[in-house]
Amino acid sequence: MSDASKGLSLYNTLTRAKERFVPIDPQNVRMYVCGPTVYDFAHIGNARPAIVFDVLFRLLRQLYGEKHVTYVRNITDVDDKINARALRDFGAEIEVGTLSLNDAIRRVTEKTADQYHKDVAALGCLEPTHEPRATEFVAPRADGKADMLSLIAQLIERGHAYVAGGEVLFDTASMPDYGELSKRNLDEQQAGARIAVDVHKKNPGDFVLWKLSTPEEPGWESPWGRGRPGWHIECSAMSAAYLGEIFDIHGGGLDLIFPHHENEIAQSRCAHGTKVMANVWMHNGFLQVEGQKMSKSLGNFYSIHELLETETFGGRKWPGEVLRLAMHYREPIDFSVRKLEEAENTLRKWKRAADLAPAAARDLPAYVLEALSDDLATYTAFQRLTQLAGEAVEFTGAGENAAAASLKAALAFLGFDVGAAKVDETVIAAAIARRLRFIADKNWPEGDRIRDELLAQGVQLKDGKDPVTGQRVTTWEIKR
Ligand SMILES: [Zn+2]
């Protein structure tokens, strides 16, 4: 094992295998993750890559040092969906001429980007090292960083792109191993394509690098006319701008493998003449809601903001870190009220146990680090935390509660707030009242269950009698 590998293994979509991770330069480990298109509230499916790659970012920083990891997550602020949203929301002002379409677009993108930042901060995510916006990387830049127009020109020059029907298109037939990531070959794609609607394309799989804009639409001057970029080219430009022609890790959701990531690879490799774009391609799994694919038509489409700030999901608000705990990496996730309630209970137990130590341990427990280093096995890591919580609660010896201190370190590392666990007195009072009703009904098992549940959260009940009325009175205290 070389020093640079640090025992980290990652599943690589490119090779369909779990591989030992060895960075190109351990002094600067480089990761790119596709960010949001800012036209609407980010949905909970978007929360998943934000959280998963935040955990990986934290892990890389732990292994290689905080100053030796560069994490880039872009913001897509040029897209026809954004234009449509601007027209929908500001159509009247645009019509009467009090607002230009470009200004309306800026209002939409700035508001949505602000909201996204609030959402991911509430989910406990660190800020990426760089967060470039696509519109700043369309035209050649004063600082000489990679830009989309130069990349497109390079692709034309190298015989990988052509101009047709008012567009610049990538010529998929010019790249022998196009389809390597999604394991689709070109013949299959062509056989599967419907009768070519786009008659100007040489091949149905050819995709847009540049398209012309009408005078009203946002556009940039280019050698191919005033227009705007296709979606894929922006990530090729922004990753090259901050991470170079070849970098370590490229991440995103499973749904981005084709066409987005396939096309990023085609553009970057063909423009730079390289054998790879990123060495490791990582994709987080899908997310369902209550057993069904999330869709607007099914009415189970939730934004991060809705879960955090409104009572539309399960009739209550959810803390960001509960959502964070529910998001694993590769497995499909069924997002349900029950799952969030379980996550909330687990987190509460961990925090109470961690609270038994006045300060966090200096080092992350080795077996938590080991679990995460095995392709971000958060399930295993969380099992370890539950074990630690058990040890912390059972600790009776003198001196420091080492399990609690380790647990505290692990929770802080994973992005959970380990300030003092808050005791919610109204919740406890309600549970006590419920238990007294069960006791009045002689339903002892239910009464005991509530007592035990509270005890597991560190709340010990004491039953007594009111000296005047003779009625049962229950008080509580935090068990240390
Ligand atoms: Zn991308």
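## Close-up views of a predicted model

**View 1. Strand 9 is mostly covered.** Strand 9 spans residues 247-253, and seven of its seven residues are buried. The model shown here and in the views below is predicted. Strand 3, residues 29-33, pairs with strand 9. The two run in the parallel sense and share three bridges. One point to look for is Met-31, whose bridge partner in strand 9 is Ile-249. Strand 9 also pairs with strand 10, residues 278-284. That pairing is parallel too, over six bridges. Here Gly-253 stands opposite Asn-284 of strand 10.

**View 2. A helix links strand 9 to strand 10.** Helix 7 covers residues 257-272. Together with strand 9 and strand 10, helix 7 makes a β-α-β unit. The unit is right-handed.

**View 3. Four residues hold the zinc ion.** Its protein donors are Cys-34 through SG, Cys-235 through SG, His-260 through NE2 and Glu-264 through OE. They lie 2.0 to 2.3 Å from the zinc ion. The angles among the four donor atoms run from 79 to 129 degrees, and the site is irregular. Why is the site irregular rather than tetrahedral? Four donors count as tetrahedral if all angles lie between 85 and 135 degrees, and the angles here start at 79 degrees. For comparison, the ideal angle for four tetrahedral donors is 109.5 degrees.

**View 4. The two zinc-bound cysteines come from distant parts of the sequence.** The spacing of the donor residues is C-x200-C-x24-H-x3-E. Cys-34 sits in the loop between strand 3 and helix 1 (44-64), while Cys-235 belongs to helix 6, residues 231-243, so the pair ties together parts that are 201 residues apart in sequence. Are these cysteines buried or exposed? Cys-34 is buried, at 12% relative accessible area. Cys-235 is buried as well, at 1%.

**View 5. Four strands form an open sheet.** The strand order is 5-6-7-8, and the pairing is antiparallel. Strand 5 (161-164) and strand 8 (227-229) stand at the edges. Each has a single partner strand, so one side of each is left without a neighbour in the sheet. From one strand to the next, the twist averages 25 degrees. Inside the sheet, strand 6 (residues 167-170) and strand 7 (residues 207-212) are joined by four bridges. They run antiparallel. Phe-170 stands opposite Phe-207, a residue of strand 7.

**View 6. Helix 4 lies across the open sheet.** Helix 4 takes in residues 148-157. The strands it lies across are strand 5, strand 6, strand 7 and strand 8. Relative to strand 7, helix 4 runs at about 120 degrees.

**View 7. Lys-67 is exposed in a loop.** The loop lies between helix 1 and strand 4 (69-73). Lys-67 has 80% relative accessibility and counts as exposed. Pro-26 is 41 residues away along the chain. The C-alpha atoms of Lys-67 and Pro-26 are separated by 11 Å.

**View 8. The whole chain puts the close-ups in context.** The chain has 15 helices and 15 strands. Along the principal axes, its C-alpha atoms fill a box of roughly 90 × 65 × 45 Å. Of its 480 residues, 48% count as buried. Among contacts with a separation of 6 or more, 70% are between residues 24 or more positions apart.

Key: Residues are numbered from 1 along each chain as its sequence is written. This is a predicted model: local features need pLDDT of at least 70, side-chain atom pairs count only at pLDDT 80 or more; totals for chains, interfaces and linings use all residues. Side-chain values use heavy atoms; hydrogens and water are left out. Buried means under 20% relative accessible area, exposed over 50%, partly exposed in between (1.4 Å probe, protein chains only). Two strands pair if DSSP finds at least two bridges between them. A crossover is right-handed if, with the strands pointing away from the viewer, the path from the first strand over the helix to the second runs clockwise. Donors are N, O and S atoms within 2.8 Å of the metal (3.2 Å for Na, K and Ca); water is not among the atoms, so sites may look incomplete. Four donors count as tetrahedral if all angles lie between 85 and 135 degrees; four count as square planar and six as octahedral if opposite donors are over 155 degrees apart and all others between 65 and 115; anything else is irregular. Axes are lines fitted to C-alpha atoms, for helices over the stretch in contact, and angles run from 0 to 180 degrees between N-to-C directions. Contact means heavy atoms within 4.5 Å.
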